[in-house]
Amino acid sequence: MSAEVWMVASGKGGTGKSTTAVFCAAALAERGKQVLVIELDCGLRSVDLLVGVAEQVVFDIEDVLSGWCPPQKAICQSPFYPGVSIIAAPYSGQQLHIDTLGEVLDSLKDCYDFILLDVAAGMGQAFQGAAAVSTGALLVLTADPVALRDGRLVSEWLYSNSSVVPRLVLNRISLTATTMDLDVCIDTVAAQLIAVIPESPQLQQTVLEQKTVNKQSRLWLAYSNLAGRICKEDIPLLME
């Protein structure tokens, strides 16, 4: 076992990046994979809540990167999604010691099939550090003009400054969207589409009540298909 490392990024905040990282991890685990989600978004911690371990977190990724504790002490296993573990971000907005990220990942790769790096929105220090150590990138965007324009900048940066090829995840897409609408999004961002995640009115309530995603829902099907494509399964790209 030697983990594939995927960064989960966005141009702007509020596109559902962390939610996508967690539910993609859950869908990968459903396929029998061991998955670790590392949150690299200081001051905007949320992954611990999404996987049901908010009361268990003692150490965070800054403790690990600074050498204050070994990675194993910061890892929490999700009671919601067997096979999914996380290392949470710190509450405060300090800069991470991102230069040690590669060493931390090297010490963990043999324990997991996939490691997902939930990076802060934009192209700051955490983003660039993640790009240097990742084998793939999910660029999570909504279909609004601001998100798409910012996503194009992220896509261009990855093409120009890393070996990571971005794959586009269009999130919160209305069921009335057309293929033409999606083509405009793809052309704007200049990244190959890997998933279309539908708008889900129930998602916010699911998160608030700390419940698992309904596995009979269109939302879960979309994340399951995303996980399958990451695993190189031949799943047609249709409106999920």
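The exercises below, each with a worked solution, concern a predicted model.

**Exercise 1. Identify the residues with the most contacts inside the largest nonpolar core, and list what Leu117 touches.**

Solution. Start with the core itself: it has 47 residues. Those with the most contacts inside it are Met7, Ile38, Leu40, Ile115 and Leu117. Next, take Leu117 and leave out residues up to four places away in sequence. What remains is Val5, Trp6, Met7, Val8, Ile38, Leu40, Leu101, Leu105, Ala130, Val133 and Ser134. Finally, another core of 40 residues lies apart from the largest one, and its members include Phe23, Ala25, Val35 and Cys76. As background, nonpolar side chains in soluble globular proteins tend to be buried together.

**Exercise 2. Determine which residues of helix 6 are buried and what covers them.**

Solution. Helix 6 spans residues 125-133, and its buried residues are Ala126, Phe127, Gly129, Ala130 and Ala131. The cover over these residues includes three strands: strand 1 (4-9), strand 2 (35-40) and strand 5 (114-119). Helix 5 (101-108) and helix 7 (145-161) are also part of the cover.

**Exercise 3. Describe the surroundings of Ser78, and decide whether Ser78 is buried or exposed.**

Solution. First locate the residue: Ser78 is in the loop between strand 3 (76-77) and strand 4 (84-87). Its relative accessibility is 8%, so Ser78 counts as buried, the cut-off being under 20%. Not counting residues up to four places away in sequence, Ser78 touches Val51, Val53 and Val84. A polar atom of the Ser78 side chain lies 3.0 Å from the backbone nitrogen of Tyr81. As for Ala54, 24 residues apart from Ser78 along the chain, the two C-alpha atoms are separated by 10.0 Å.

**Exercise 4. Count the disulfides and check Cys24 and Cys42.**

Solution. The criterion is a pair of cysteine sulfur atoms within 2.5 Å, and the count comes to zero. For Cys24, the nearest cysteine sulfur belongs to Cys231 and is 8.4 Å away, and Cys24 is in no disulfide. Cys24 is buried, with a relative accessible area of 0%. For Cys42, the nearest cysteine sulfur is that of Cys69, 14 Å away, and Cys42 is likewise in no disulfide. Cys42 counts as buried at 18% relative accessibility.

**Exercise 5. Characterise the largest pocket by volume and lining.**

Solution. The volume is about 450 Å³. The lining has 26 residues, of which Gly16, Lys17, Ser18, Thr19 and Arg172 are the closest to the centre. Elements that each supply at least two lining residues are helix 1 (17-30), strand 7 (166-173), strand 8 (192-198), helix 9 (201-208) and helix 10 (218-230).

Notes. Residues numbered from 1 in each chain as written. Predicted model: local features only at pLDDT ≥ 70, side-chain atom pairs only at ≥ 80, totals over all residues. Heavy atoms only, no water. Core = buried A, V, L, I, M, F, W, Y, C linked by side-chain atoms within 4.5 Å. Buried < 20%, exposed > 50% of the residue type's maximum accessible area, 1.4 Å probe, protein only. Contact = heavy atoms within 4.5 Å. Helix = DSSP H or I, 4+ residues; strand = E, 2+ residues; numbered from the N terminus. Polar contact = N/O pair within 3.5 Å; in protein donor to acceptor, adjacent residues only side chain to side chain. 1 Å grid on protein atoms, 1.4 Å probe; cavity = no way out; pocket = protein on both sides within 12 Å on 5 of 7 lines; lining within 4 Å. Points joined across faces, edges and corners; volume = space filled by probe spheres on them.
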